[in-house]
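Visitor: I'm new to this. Could you walk me through the structure below?

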Amino acid sequence: MKNIFFIALLSLLAFNCKNKAEAEVKTVEVATTGTQELDPNAKYAKAEFTVEGMTCMMGCAKTIENKLAKMEGVKSAKVDFDKKLAMVEYNEALVTPENLTETVALVSDTYKVSDMKTVDSFSTEKACNANCAKACCTNKTAEEKAACAKDCKKACCAEKA
């Protein structure tokens, strides 16, 4: 009985020492609140592109949006997870569409940029149709029809989201 107890105690000590817990290393990314100064004389362009490979709104879309927004020369960046669409306004002298593609690719290998295009206005911005025939637009000139405010609540603009 003493021998069995001794062997059990010895084996318990031998196997117990090999299960050392090692400290877990975590990398924490800290968001900076510093703002970059924008050049008022710069020529800004708007680019829209599709981002494939996003699986979640907060982890994927927000991360890409933050990385794009932190780039030097980027005035604004917005990533729409539902439409898989990224919209970036940038200084043409400092940023190129290739830089935007590289930045998205550096976030993760799973993200693929396609359909990169330079636009005059983002596809989510409201704009009234100059050929609008609805009641709110009758008896108005083409300029008045096209001069719809961004926050317009009228029926002719409500569906232009």
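Visitor: Which residues touch the most other members of the largest nonpolar core?
Guide: Keep in mind that this is a predicted model. The largest nonpolar core has 20 residues. β1, α2, β2, β3 and α3 each supply at least two of them. The residues touching the most other members are Leu68 and Leu100.

Visitor: What does Leu100 touch, leaving out residues up to four places away in sequence?
Guide: Let's count heavy atoms within 4.5 Å as contact. By that cut-off, the partners of Leu100 are Ala47, Phe49, Leu68, Met71, Val88, Tyr90, Val95 and Met116.

Visitor: Which residues of α2 are buried, and what covers them?
Guide: Buried here means under 20% relative accessible area. In α2, that goes for Cys60, Ala61, Ile64, Glu65 and Leu68. The cover over the buried residues of α2 includes β1, β2, β3 and α3.

Visitor: Which strands are at the edges of the sheet?
Guide: Four strands make an open, antiparallel sheet, ordered β2-β3-β1-β4. An edge strand pairs on one side only, and that picks out β2 and β4.

Visitor: Which residue in β3 stands opposite Ala47?
Guide: β1 runs from 44 to 52 and β3 from 85 to 91. These two strands pair antiparallel over seven bridges. Opposite Ala47, in β3, stands Val88.

Visitor: How far is Lys75 from the ring centre of Tyr44?
Guide: A charge counts as over a ring when, among other things, it is within 6 Å of the ring centre. Lys75 does lie over the face of Tyr44, and the distance is 5.1 Å.

How values were computed: Residues numbered from 1 in each chain as written. Predicted model: local features only at pLDDT ≥ 70, side-chain atom pairs only at ≥ 80, totals over all residues. Heavy atoms only, no water. Lys NZ or Arg CZ within 6 Å of the ring centre and 35° of its normal. Core = buried A, V, L, I, M, F, W, Y, C linked by side-chain atoms within 4.5 Å. Buried < 20%, exposed > 50% of the residue type's maximum accessible area, 1.4 Å probe, protein only. Pairing = 2+ DSSP bridges.
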